[in-house]
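Let's take a friendly walk through this model together. Have the sequence and the 3D view at hand as you read.

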Amino acid sequence: MEKENIRMRLATESKLILDKLQRQIFEEIGLEASYSSIVSQAIRKTVPKMHEIDWQSLKKRNLALSSPKESNDWDYQTSFMLEKDVLDLISELQNYFLEVFQAKRIHRAFCVRLCLKFHYLLLTNK
C-alpha cells in the first residue's frame, strides 16, 4: 500500500505516549514498533468508535505521564509515513471534530493526539 510522509508538530504529551507505547510493545513481544505504525494502529482502532467517545472529556483529561503544561505544548516536530487509509480516517475525524469542538479548522496533529490518548488509555485500562 502506498504511504505518504506527513510532517506535523505534536504536543509533548503525544511524544510521551508514543515512547510509552513503543516500550510496552517491545516488552510484550520483543519487537520495535515505529511511531508511524503506532499512530496508524491508534487511528484505525479509534476512528470507527468516534461517535461513542466523549472527546471533550478526553481532551481535558490529564495523564499521569505528563503535566498540564506539556499537554498543551506543541514543540515536538516529526514526520510519519502513513498509508492512504489512515490519512482518509484522519480527514474523516477532522470533519467530525469541526462540529464536536465548534472549530473552524482542526489540524491533523490534534486528531493524532486525541487518538493516541484514547488508544493509550484503552491499552492501559485507565
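The model shown here is predicted. A good place to begin is the contact of helix H2 with helix H6. On the H2 side, Ile38, Val39, Gln41, Ala42, Ile43, Lys45 and Thr46 take part, and they meet Val112, Cys115, Leu116, Phe118 and His119 of H6. Sorted by class, this contact of H2 with H6 is made of eight nonpolar, three polar and one charged residues.

How do the two helices cross? The axes of H2 (residues 35-46) and H6 (residues 108-123) come within 9 Å, with a crossing angle of roughly 80 degrees. H2 is therefore roughly perpendicular to H6, since angles of 65 to 115 degrees fall in that class.

H2 has a second helical partner in H1. Here the axes come within 10 Å and cross at roughly 100 degrees, which means that H1 is roughly perpendicular to H2. From H1, the residues Lys15, Leu18, Asp19, Leu21, Gln22 and Ile25 meet Tyr35, Ile38 and Val39 of H2. The residues of this contact of H1 with H2 comprise six nonpolar, one polar and two charged.

Ile38 and Val39 are worth a second look in your viewer. They belong to the H2 residues that meet H6, and they are also among those met by H1. Both are buried, as are Tyr35, Ser36, Ser40, Ala42, Ile43 and Thr46 of H2. What covers the buried residues of H2? The cover includes helix H1 (12-29), helix H3 (55-60), strand E2 (76-83), helix H5 (84-100) and H6.

The lengths of H1 and H2 can be checked against the rise of 1.5 Å a residue. The two helices compare with expectation as follows.

| Helix | Residues | End-to-end C-alpha distance | Expected span |
|---|---|---|---|
| H1 | 18 residues | 26 Å | 26 Å |
| H2 | twelve residues | 16 Å | 16 Å |

For H2, the distance between the end C-alpha atoms agrees with the expected span. H1 likewise reaches close to what is expected.

H1 also has its own buried residues: Thr12, Glu13, Ser14, Ile17, Leu18, Asp19, Leu21, Gln24 and Ile25. Leu18, Asp19, Leu21 and Ile25 from that list are found again in the contact with H2. After H1 comes Gly30, which has a positive phi, near 75 degrees.

Now turn to the aromatic rings. How many aromatic pairs does the structure hold? There are five. One of them joins Trp55 and Phe97 edge-to-face, with 4.8 Å from centre to centre and 70 degrees between the planes. This pair links distant parts of the chain, as Trp55 sits in helix H3 and Phe97 in helix H5, 42 residues apart. Trp55 has a relative accessible area of 2%, so it is buried, and Phe97, at 0%, is buried too.

Phe97 also pairs with Phe110: the ring centres are 5.8 Å apart and the planes stand at 70 degrees, so this pair is edge-to-face. Again the pair links distant parts of the chain, with Phe97 in H5 and Phe110 in H6, 13 residues apart. Phe110 has a relative accessible area of 12%, and because anything under 20% counts as buried, Phe110 is buried. Through ring pairs, Trp55, Tyr96, Phe97, Phe101 and Phe110 are linked into a cluster.

Helix H5 also holds Gln94. Is Gln94 buried or exposed? With a relative accessible area of 18%, Gln94 is buried. Beyond its neighbours within four places in sequence, Gln94 is in contact with Ile106, His107, Arg108 and Cys111. For Gln94 and Arg108, the C-alpha atoms are 6.9 Å apart although the residues are 14 places apart in sequence.

The loop between H5 and H6 contains Gln102. Most residues other than glycine have a negative phi. Gln102, however, has a positive phi of about 50 degrees without being a glycine. Gln102 is exposed, with a relative accessible area of 67%.

A last stop is Glu83, which belongs to strand E2. Its relative accessible area is 18%, so Glu83 is buried. Setting aside residues up to four places away in sequence, Glu83 touches Met1, Glu2, Lys3 and Arg44.

Terms used
Residues are numbered from 1 along each chain as its sequence is written. This is a predicted model: local features need pLDDT of at least 70, side-chain atom pairs count only at pLDDT 80 or more; totals for chains, interfaces and linings use all residues. Side-chain values use heavy atoms; hydrogens and water are left out. Axes are lines fitted to C-alpha atoms, for helices over the stretch in contact, and angles run from 0 to 180 degrees between N-to-C directions. Helices (H or I, at least four residues) and strands (E, at least two) are DSSP runs, numbered from the N terminus. Angles under 35 degrees count as roughly parallel, over 145 as roughly antiparallel, 65 to 115 as roughly perpendicular and the rest as oblique. Contact means heavy atoms within 4.5 Å. Ala, Val, Leu, Ile, Met, Phe, Trp, Tyr, Cys and Pro count as nonpolar, Asp, Glu, Lys and Arg as charged, and the others, Gly among them, as polar. The expected span of a helix is 1.5 Å times one less than its number of residues. Buried means under 20% relative accessible area, exposed over 50%, partly exposed in between (1.4 Å probe, protein chains only). Rings of Phe, Tyr and Trp (its six-membered ring) pair if their centres lie within 6.5 Å; planes under 30 degrees apart count as stacked, over 60 as edge-to-face and the rest as tilted.
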